[in-house]
4 protein chains.
Amino acid sequence: MKETIMDKSIELFAEKGFKETSIQDIMDELHVTKGTFYYYFKSKEELLKDIHLQYIERLLENQKKIISDPSKTCQEKLFAIIYKLIQDIEKEGQRAKVFIREINHLSDQYLDIVLPKRDQFRENVQLLIEEGIKNGEFRTDLPPDIVSFGILGIANWSYFWFKPTGKVSDKRVAEIFYEMLIHGIQQNN
Amino acid sequence: MKETIMDKSIELFAEKGFKETSIQDIMDELHVTKGTFYYYFKSKEELLKDIHLQYIERLLENQKKIISDPSKTCQEKLFAIIYKLIQDIEKEGQRAKVFIREINHLSDQYLDIVLPKRDQFRENVQLLIEEGIKNGEFRTDLPPDIVSFGILGIANWSYFWFKPTGKVSDKRVAEIFYEMLIHGIQQNN
Amino acid sequence: MKETIMDKSIELFAEKGFKETSIQDIMDELHVTKGTFYYYFKSKEELLKDIHLQYIERLLENQKKIISDPSKTCQEKLFAIIYKLIQDIEKEGQRAKVFIREINHLSDQYLDIVLPKRDQFRENVQLLIEEGIKNGEFRTDLPPDIVSFGILGIANWSYFWFKPTGKVSDKRVAEIFYEMLIHGIQQNN
Amino acid sequence: MKETIMDKSIELFAEKGFKETSIQDIMDELHVTKGTFYYYFKSKEELLKDIHLQYIERLLENQKKIISDPSKTCQEKLFAIIYKLIQDIEKEGQRAKVFIREINHLSDQYLDIVLPKRDQFRENVQLLIEEGIKNGEFRTDLPPDIVSFGILGIANWSYFWFKPTGKVSDKRVAEIFYEMLIHGIQQNN
DNA sequence: AATGAATGAGTTTTCATTCAT
DNA sequence: CATGAATGAAAACTCATTCAT
């Protein structure tokens, strides 16, 4: 039931927004009464925290798997991360939407738990860049932290416009972004 | 007065969020009564629409100025657009925050007015890329629409992390992102 | 309107209790909507605080008038205070009931305002006793603080049993208590 | 278990109030589930009734022991009753608090059981006074019913202010009140 | 005896909006 | 232009109670 409530709330939060979705709305769709919600969650905000935590933890896990693969170069790992992020929109689009859009409805108490994990995801990308710089895969004249923000910007922003139903596949988008990032958009003669 | 209300509401919307800010909150800070609000605005949502419209129109104007400058190459124009966007965070950070974050509180009726202008901003970037491809400045093997989304992702995402008070200036960030985009992050031997 | 709400709420709090009376109950009887309540009061608890404060301040005022009368002996003043307290049940019985019974529904924040005034009322009785001891009216071998608690106990407890409609008048009850206190209940031969 | 629930609920009712304490609160502290409560009690109100009944019955028993002691004078018996009441605060303070403060949360159905016993306790004091009047121990010019209310007022009110941890012992307080009642507070020359 | 899930009616509170003055 | 009062619909949350297991 707890899982059911989370799933349905993600669906509604993604569609209408956190503030616009009432507990009533969620429970109505599940054909159970409002009181039931509070048997499983302490508050609406706790539910949102759980959604965030579950999502970022899965994200970190995936990232870890990719990064710790010794058979891949840094460039390949970078592609894998970007691909995974965009691929997620298809399968976990709603979760991602909520994760990116509704973070500001968490109060400090919960942010203290969620934000460090979010930061770590970005930091791991930075570490990957740094490693790539050391081993000669990446340019030495670009600051890895800013670059990591740029890369995540490209990928995360997809949630605002990418439609899985469109004519361009998630893999193709990832490839284009990867190409753009690796070789730049300038024409080389 | 209308301008005063808009300014104060932007301030509060940016800080606390649209839903979290009541008309009362806004008017309290202006030391006028709630009723006054409805003399100047039909509804809270109309206020939000006005904020969005004002912002995107100024953005489009700036963009137009940059693009229509015949003395600049496409690459220079691209840099100018990125720089302008990031520079805005410093001067218009609150407006930008509201613009990016609170779009989903506009109902269809208002989205019909705002969204086309938003799209046009992105489309203009795409047109710039296309022009650059034609004149040999940009690579021909990358689809301009996806690239334009990527570029805006890099720039817009800054609103989530860029602190004007930090040790890296807006100009420097813009330069790094520009470099990254133009030449790519790969080390070339 | 604020006064009307207070009056009606005192009536209902006295009859049914603070917790048992909902804002709805109060406003229903006044034929206005619930929202109106929050135009006049910040919360239900603030209303209770206002009731307490209004009551204890009137009590202190009356007490001051009695005590500062130079034409009365301490014994006469003591009688006046007791009489006033019991007399109040007839006219202000509901207020008194709420004042005595519902104090524990005020949170610390409000208790800090109300309790010092309550204490002062008791302390003033103690000061009166002390003065009477000095001028030879009262026995020197009884501690004035405990005595003051005893006196207030006798008077305040009336709220639990005294019925203004009964066959004994408020004045008669005050006289009996006064006699009992002054000369004791022992038969002297 | 039933006894355990009663004990813990008295503790919590005394501390936070009847309405403010939920069944959940009580059972949480006992590390059992809410459902268990309804195996032992029909309702929350029945629990409160049981607490009241248990308390007043013990009180009546004690009173009976004191009153039926043929070796004591009425004055001695009166002292014993007052002492016992105040002494109770130390040992049974929480029970007493609930007994005095939460009576109004009992509905008529239960009041019919509890109130007669409460009244009887007071009436027994009245009977003691009447006996003392007959045998010449007490004044004949004071109505025994009102006097009994006064005596109980003095004693019961202690629950609102008497702190067992204070510097004055329960016995000393009882003695002072007894003296005050017997001989009065007036200075006799 | 005890549990765990669910209910439903109620509670306080918020707030966009209206409107006579 | 601006105010102050009122509305009404909805929100989050609480909790005594029930009941199958």
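In the predicted model, K19(A) and E20(B) are joined by a salt bridge whose closest N and O atoms lie 3.8 Å apart, a separation that falls inside the criterion of 4 Å applied to such pairs. This pair belongs to the interface of chain B and chain A, for which the count is three salt bridges. Polar contacts across the interface of chain B and chain A amount to four residue pairs, with both partners at pLDDT 80 or more. On the side of chain B that touches chain A, two or more residues come from each of α5 (74–101), α7 (144–161) and α8 (170–183) of chain B, and the largest share, 11 residues, is that of α7(B). Divided by class, that side of chain B holds 21 nonpolar, 12 polar and six charged residues.

The extent of the contact can be stated both in residues and in area. In residues, 39 from chain B are in contact with 40 from chain A. The size of an interface is often expressed as the accessible area lost when the parts come together, and on this basis chain B and chain A bury about 4000 Å² between them, with carbon and sulfur atoms giving 66% of that area. Within chain B, the residues that lose the most area to chain A are R139(B), W157(B) and I185(B), which together account for 19% of what that side buries.

The relation between these two chains was examined by superposition. Chain B is brought onto chain A by a rotation of 180° with a shift of 0.1 Å along the axis, the RMSD being 0.2 Å; the two copies are thus related as by a two-fold rotation axis. The residue of chain B that comes closest to this rotation axis is G184(B), whose C-alpha lies at 1.7 Å. The same surface serves both copies, in that 100% of the contact residues of chain B recur in chain A.

Chain D and chain C form a further interface, to which each of the two chains contributes 40 residues. The area buried between chain D and chain C is about 4100 Å², and 66% of it is located on carbon and sulfur atoms. Of the area that chain D buries against chain C, 19% is supplied by R139(D), W157(D) and I185(D), more than by any other three residues. One of these, R139(D), also takes part in a salt bridge with E179(C), in which the closest N and O atoms are 2.4 Å apart, and the count between chain D and chain C is three salt bridges. Across the interface of chain D and chain C, 14 residue pairs are in polar contact, again with both residues at pLDDT 80 or more.

The side of chain D that touches chain C draws at least two residues from each of α5 (74–101), α7 (144–161) and α8 (170–183) of chain D, with α7(D) giving the most, 11 residues. The composition of that side by class is 22 nonpolar, 12 polar and six charged residues. Chain D is superposed on chain C by a rotation of 180° with 0.0 Å of shift along the axis, at an RMSD of 0.1 Å, and G184(D) is the residue of chain D that comes closest to the axis, at 1.8 Å for its C-alpha. Because 98% of the interface residues of chain D are also interface residues in chain C, the copies meet through the same surface.

Other chain pairs are separated. Chain A and chain C do not touch, their nearest C-alpha atoms being 20 Å apart, and chain B and chain D likewise make no contact, with nearest C-alpha atoms 30 Å apart.

DNA strand F is surrounded by 30 residues, of which the closest are K44(A), Y40(B), Y39(C), Y40(C) and Y38(D). Of the atoms of DNA strand F that come within 4 Å of the protein, 70% belong to sugar and phosphate. At the level of individual polar atoms, a side-chain atom of T33(C) lies 3.0 Å from a phosphate oxygen of DNA strand F, and a side-chain atom of Y38(D) is likewise placed 3.0 Å from a phosphate oxygen of that strand. For K34(D), by contrast, the partner of the polar side-chain atom is a base oxygen of DNA strand F, at 3.3 Å. The surface near DNA strand F receives at least two residues from α3 (34–40) of each of chain A, chain B, chain C and chain D, and by class this surface comprises 11 nonpolar, 13 polar and six charged residues.

Key: Residues numbered from 1 in each chain as written. Chains lettered and ligands numbered in written order. Heavy atoms only, no water. Contact = heavy atoms within 4.5 Å. Buried area = accessible area lost by both parts, 1.4 Å probe. Salt bridge = Lys/Arg side-chain N within 4 Å of Asp/Glu carboxyl O. Polar contact = N/O pair within 3.5 Å; in protein donor to acceptor, adjacent residues only side chain to side chain. Helix = DSSP H or I, 4+ residues; strand = E, 2+ residues; numbered from the N terminus. Nonpolar A, V, L, I, M, F, W, Y, C, P; charged D, E, K, R; others polar. Near = heavy atom within 4 Å. Least-squares fit on C-alpha atoms with pLDDT ≥ 70 in both.
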